[in-house]
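User: I've got a model open and I'd like to learn how to read it properly. Can you walk me through it, one feature at a time?

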Amino acid sequence: MAVITAAGLSKTFGSRRAVDALRFEVGKGEVFGFLGPNGAGKSTTIRLLMGLCRPTAGAVAVLGLDPVRDGAAVRRQVGYLPGELALHPRLTGGQHVRYVARARGLTGLGFADTLADRFGAVLDRPVRTLSKGNRQKIGIILAVLARPEVLILDEPTSGLDPLMQTEFERLVRELADDGRTVFLSSHELDQVQRMADRVAIIRDGQLVVTDTVAGLRQSAPRTIEFAFTGPADPGWFSAIDGVRVTGSGLRQLTLAVNGPVAPVLRAAAAHDPVDITARPADLDELFLAYYRHDPAKEPADAR
């Protein structure tokens, strides 16, 4: 069942098209990674999902509702963490939690206390005295507090240290296992590939691919590194289809191989290799491959 749908979703600001004809669906209990560099259109898409701006064209639905027309109903069922979190500087984290709990109609704060302990959140000091990481922990607590059906999180681990990022990953998987849907915008590629069931990559406001991480890897080049007894020449592999030299040293060569490896191994064997390592592409390599199609063009500022 689709919990979030976008069909031909577009948004322009004057002559600038921030997002262009986006089409995707996110199912119940799915963690959906929405990837792109700053300015690619991630935050604009999230604002459209939240009903914070109106689409120029196309349609979007969250839990079957129009986020603009049915905004209050949507936001009752969605936990939202914006990319630029704004908290009242004079209030403590605890005061923010109690305010949101009352607005959500929650009668107890046991889950909030559990989350605060889990993330080591400081709730008894004014927000203005807290670090970026501590403010981000409060934002996560506020988004998750009511255990909403849908979580829409924009760069949620910004400012968190590695231990807290790992804790956040555990929390996301627990929520998904409980049937919650998580739409996760990020440029932390390594983290997303550990959490997401599916990934969409956005470039210049357009989706360039949507697939599982495993599916993306199957269609992506694998990396093979050779070490040789003598000087290495990239030209040894230039005649092989689907092979690109991505790194070279005095006696080392790194190849991106998209196709059968037998011709690569035969070419290498003729030059006395002493070591070989091979691995599938990880998400940052896949991401860069999709952006490499137009390296001279920087993504438009669509945030």
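Analyst: Sure. Let's begin with pairing: two strands count as a pair if DSSP finds at least two bridges between them. This is a predicted model, and here strand E11 (residues 243–248) and strand E12 (residues 252–257) run antiparallel, joined by 5 bridges. Within that pair, Val-245 stands opposite Leu-255 in E12.

User: How many residues does the hairpin from E11 to E12 pass through?

Analyst: The hairpin goes through 3 residues.

User: Okay, before I go on, how do I judge confidence?

Analyst: pLDDT is the predictor's confidence in each residue, from 0 to 100. For this chain the mean is 90, with 94% of the residues at 70 or more. Helix H5 (residues 132–144) has the highest confidence, at a mean of 97, while helix H10 (residues 283–291) has the lowest, at 70.

User: Over which residues does pLDDT stay under 50?

Analyst: That's residues 295–303. The model does give this stretch 25 contacts beyond four places in sequence. Still, where pLDDT is low, the predicted coordinates should not be read in detail.

User: Now sheets. What should I look for?

Analyst: Look at strand order, pairing direction and edges. One sheet here is open, with 6 strands in the order E5-E6-E7-E3-E8-E9 and mixed pairing. Its edges are strand E5 (78–81) and strand E9 (206–211), each of which pairs on one side only. On average, neighbouring strands of this sheet are turned by 15° against each other, ignoring direction.

User: Do E3 and E8 run parallel or antiparallel?

Analyst: Parallel: strand E3 (residues 31–35) and strand E8 (residues 198–203) are joined by 4 bridges. Gly-33 stands opposite Val-199 in E8. On to E9: E8 and E9 run antiparallel, with 5 bridges between them, and Val-199 stands opposite Asp-211 in E9. So you can trace a line across three strands by starting at Gly-33, which faces Val-199, and going on to Asp-211, which also faces Val-199.

User: What does the turn between E8 and E9 look like?

Analyst: E8 and E9 make a hairpin with 2 residues between them. Check the backbone at Asp-204 in that turn, where phi is positive, about 50°.

User: What about the other sheet, the one with E1?

Analyst: Read it the same way. This open sheet has 3 strands, ordered E2-E1-E4, with antiparallel pairing. Strand E2 (16–27) and strand E4 (57–62) are the edges, each pairing on one side only, and neighbouring strands are turned by 20° on average, direction ignored. Helix H1 (residues 42–49) packs on this sheet, touching E1, E2 and E4, and its direction makes about 60° with that of E2. Between strand E1 (residues 2–13) and E4 there are 5 bridges, and Ala-6 has Val-60 as its bridge partner in E4.

User: Last one: how do I describe a pocket?

Analyst: Start with volume, then lining, then chemistry. The largest pocket holds about 390 Å³ of space. It is lined by 18 residues, and those nearest its centre are Tyr-80, Val-100, Arg-104, Leu-142 and Ala-143. E5, helix H3 (93–104) and H5 each give two or more residues to the lining, with H3 giving the largest share, 5 residues.

User: How many lining residues fall in each class?

Analyst: The lining has 13 nonpolar, 3 polar and 2 charged residues.

Key: Residues numbered from 1 in each chain as written. Predicted model: local features only at pLDDT ≥ 70, side-chain atom pairs only at ≥ 80, totals over all residues. Heavy atoms only, no water. Axes fitted to C-alpha atoms, helices over the stretch in contact; angles between N-to-C directions. Contact = heavy atoms within 4.5 Å. 1 Å grid on protein atoms, 1.4 Å probe; cavity = no way out; pocket = protein on both sides within 12 Å on 5 of 7 lines; lining within 4 Å. Points joined across faces, edges and corners; volume = space filled by probe spheres on them. Nonpolar A, V, L, I, M, F, W, Y, C, P; charged D, E, K, R; others polar.
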